[in-house]
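Let's take a friendly walk through this model together. Please have a look at the sequence and the structure before reading on.

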Amino acid sequence: VVMTNITRLCSTKPIVTVNGLFPGPTIVLVKVVDHVQYYVSIHCTYMLRIINAALNEELFFKIAGHELTVVEVDATYYMIAASTVMDSPIPIDNVTATAALNYLGTLSNAATARTKTRTQNATAVATKFTNSLRSLNSVEYPARVPLTIDHSLFFTIGLGATPCAACHSGFKFIDDINDVSFVMPKVSLLQAHFFNISGVFTDDFPGHSPIVFNYTGTQPTNLQTMNGTKVYWLSFNSTVQLVLQDTGMTTPENHPIHLHGFNFFWSGIHLESLLEVDLPLGLWFMHCHLELHTTWRLKMAFVIDNGKGPDESHLPKC
C-alpha cells in the first residue's frame, strides 16, 4: 500500500494505492510447489504480508467477507480496501485504495463482494486494534515487567519553530522532544562516546519537559525550541519508566515512537503512553517512525555507560 501521484480529469494528486495502481490489481491465489502452480481450495488459510509504504499515513485494511488474524507486527471476487486514518485535525484526501481478491476455479462473471471502510476518525477502532497486540508471555518468552524503577522520565512531543533566515516568515516549523530539536552530528555518537571525542554531543537532555502547561489545552505563544545534539545518560542495567505525552503545539499529531536496540513494556495509556524498559549497553536512538517527522528532528538518544563487570562494556579491549 503506497501513496502514488494519480492523474484523473486533468488533475494530479497523491492518493493511496495498492501496488501503485488505482484501482488496484486483481490478486489470484495459487499454490506454487517446485515452481509449478496448483489450484488451491477456497477454504484454505493463507498468510498475507501487508506492507504500508504510505510513509506518513496510517491505514485501515479490510478484505470483504474474510476474517483476518494478525499473527505478527513488523472464487468469488472480494474487494480489498485501504483507507486513510485521520490521526490529526488536518484535511486529507480520503480516496480509498481498492484491489480484488480472486480464487481460482470460480466463475469469472461472479459479482464482487463489497466492503465498507472505516470512517476517517474511527479512533476507537484503531485504538482497540493496537491495544489487542500482546507479547507471547510464554514459558520460553516470559514478560517480566520491572517492579523497581531507577529513572522516571516524562517526555513531551510537539511541533515548535526555529529561526530560518531563508524563510519568508523568518522561522520554520520543527519537531521537538522536551523542547529539544535534535541536530544530527557529523561524527557517530557511539564512536564519539567510545573514543571520548569532545564537542560531538552533550549529556544534558532534560528528563522532564522544561515548560509545564496544559498539554491538550491552551498552548504557549512562544514556539521557539532548543537546537542541540543532546543525549540522556544512564548507568548500566538501569530500569527506566518513560511517559510519552503528545501536545497540541500548533496541532496534535500521532507519533509511532521507535526505540532502537531492545524491546520494552507498554504498561499504560491514557493521554500519554507509559513505557518501562531495561536498557542494554551502547548508544540508542529513539525517534518518530514517520519519516517526515524524523527529518524534522523528532528524535533523541540514550547513552548507557559501561558497567563494572568484564562483560559490561561496549566493546572488548584488544
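## Two asparagines with positive phi

A word on terms comes first: a residue is called buried when its relative accessible area is under 20%, and exposed when that value is over 50%. Please also keep in mind that the model is predicted.

With that cut-off in hand, N178 is a good place to begin. This asparagine sits in the loop between β10 (171-177) and β11 (180-182). Its relative accessible area is 0%, so N178 is buried. The phi of N178 is near 50°, a positive value in a residue other than glycine. Most residues other than glycine have a negative phi, which makes such a value worth a look on your screen.

A second asparagine, N196, also has a positive phi, here near 55°. You will find N196 in the loop between α2 (189-194) and β12 (226-228). Is N196 buried or exposed? N196 counts as exposed, because its relative accessibility is 69%.

## Strand β19 and its partners

Next, turn to strand β19, which covers residues 299-304. The strand is mostly covered, with 6 of its 6 residues buried. Which residues point which way from β19? K299, A301 and V303 point one way, while M300, F302 and I304 point the other way, and all of them are buried.

Two strands pair with β19 in the lines of this tour. Strand β13 (residues 231-234) runs parallel to β19 and is joined to it by 4 bridges; here V231 stands opposite A301. Strand β18 (residues 282-288) runs antiparallel to β19, and 6 bridges join the two. In that pairing M286 is found opposite M300.

## Strand β18 and strand β15

Strand β18 deserves its own visit. Of its 7 residues, 5 are buried, so β18 is largely enclosed by the rest of the structure. One residue to look at is C288, which counts as buried because its relative accessibility is 0%.

Besides its link to β19, β18 pairs with strand β15 (residues 257-259) in the antiparallel sense, over 3 bridges. Two histidines face each other in this pairing: H258 stands opposite H287 in β18.

The UniProt record, an unreviewed entry, lists residues 45-77, 205-266 and 282-307 under "domain: Plastocyanin-like". Over residues 282-307 the chain is 19% helix and 50% strand. The end C-alpha atoms of that stretch are 11 Å apart.

## Strands β9 and β14

Strand β14 spans residues 239-246. With 6 of its 8 residues buried, β14 is largely enclosed by the rest of the structure. Its pairing with β9 is parallel and has 7 bridges. To find the register, look for S152, which stands opposite Q241 in β14.

## The largest cavity

Strand β9 also leads to the largest cavity. What is the volume of the largest cavity? The volume is about 160 Å³. The lining is made up of 18 residues, and D176, D179, I211, F213 and M249 lie nearest the centre of the cavity.

Strand β9 (residues 151-163) gives the most to this lining, with 4 residues. By class, the lining has 7 nonpolar, 9 polar and 2 charged residues.

## The disulfide

How many disulfides does the structure hold? There is 1, formed by C164 and C167, with sulfur atoms 2.2 Å apart. A disulfide is a covalent bond between the sulfur atoms of two cysteines. The link of C164 and C167 is right-handed, with 70° about the S-S bond.

The two cysteines of this link can be told apart by their surroundings. C164 is buried, because its relative accessible area is 14%. C167 has a relative accessible area of 26%, so this residue is partly exposed.

Methods:
Residues numbered from 1 in each chain as written. Predicted model: local features only at pLDDT ≥ 70, side-chain atom pairs only at ≥ 80, totals over all residues. Heavy atoms only, no water. 1 Å grid on protein atoms, 1.4 Å probe; cavity = no way out; pocket = protein on both sides within 12 Å on 5 of 7 lines; lining within 4 Å. Points joined across faces, edges and corners; volume = space filled by probe spheres on them. Nonpolar A, V, L, I, M, F, W, Y, C, P; charged D, E, K, R; others polar. Buried < 20%, exposed > 50% of the residue type's maximum accessible area, 1.4 Å probe, protein only. Pairing = 2+ DSSP bridges. UniProt positions renumbered as here; feature names shortened; annotations may be inferred. Disulfide = S-S within 2.5 Å.
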